[in-house]
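Biologist: Please put the model on screen. I would like to go through it with you, one question at a time.

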Amino acid sequence: MAKINDKYDLSRIKYNYRSELGRYEHHIYFCAGAGCISCGCADVAKTIQESLTEFGLTDKVKMIETGCIGLCSLGPVMLVMPQRTFYVGLSPKNVGKVIKSHFVDGQIVETDKQIFRYKFGSEYASGGAGCICGVDDYIKFLEALRTYKL
């Protein structure tokens, strides 16, 4: 990695990173924080990559491992953008279903015993700063999580 000498170098890195991400139609932000690691996220991440390859999605979907997303007790978790869809309670057994349904069939996986799904903000919202479209969305999300049992 190149040395950062000034703010312009940092701006170039940011521009190049955003250009690279712009090549993909979808982004999976997959939690690889300590809580998700203890829940077996490495096996889930491997299954996600295998599923993306199996379904020919590696040029359309980019998986990015993140630090802790903050929902450790519900992990492993992932956020799919730009649909702003959050999946929790993932496992190697159910994540292939999510990948196929979401990216191949174009259907967001609805809540079932194994997978909790929550959509932030408006359907296929674009732009905005971040995943939560205001305090009301965040409160609804927390309420939904509070009442959800894996």
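**Confidence and contacts**

Modeller: The protein chain has a mean pLDDT of 79 (the predictor's confidence in each residue, from 0 to 100), and 71% of its residues reach 70 or more. This is a predicted model, so local features need pLDDT of at least 70, side-chain atom pairs count only at pLDDT 80 or more, and totals for chains, interfaces and linings use all residues. Residues are numbered from 1 along each chain as its sequence is written, and side-chain values use heavy atoms, with hydrogens and water left out.

Biologist: In which element is confidence highest?

Modeller: Elements here are DSSP runs numbered from the N terminus: helices are H or I with at least four residues, strands are E with at least two. Strand E5 (residues 116-119) has the lowest confidence, at a mean of 56. The highest, at 96, belongs to H3.

Biologist: At what angle do the axes of H3 and H4 cross?

Modeller: Axes are lines fitted to C-alpha atoms, for helices over the stretch in contact, and angles run from 0 to 180 degrees between N-to-C directions. The axes of H3 (residues 41-54) and H4 (residues 95-104) come within 9 Å. They cross at roughly 35°.

Biologist: Which residues of H4 meet H3?

Modeller: Contact means heavy atoms within 4.5 Å. From H3 come Val44, Thr47, Ile48, Ser51 and Leu52. Their partners in H4 are Val95, Gly96 and Ile99.

Biologist: Which residues is Glu65 in contact with, leaving aside its neighbours within four places in sequence?

Modeller: Glu65 sits in strand E2 (residues 61-66). Its C-alpha is 5.8 Å from that of Cys31, although the two are 34 residues apart in sequence. Beyond those neighbours, the contacts of Glu65 are Phe30, Ala32 and Ala45.

Biologist: Which residues does the cis peptide bond join?

Modeller: Look at the loop between strand E3 (78-81) and strand E4 (85-88), where Pro82 lies. Omega is about 10° at the cis bond. The bond joins Met81 and Pro82.

Biologist: Which residues line the largest pocket?

Modeller: A pocket is an open set of points on a 1 Å grid over the protein atoms alone, where a 1.4 Å probe fits, with protein on both sides within 12 Å along at least five of seven lines; lining residues have an atom within 4 Å of a point. Helix H1 (residues 7-22) gives the most to this lining, with 4 residues. The full lining is Tyr17, Arg18, Leu21, Gly22, Tyr24, Glu25 and His27.
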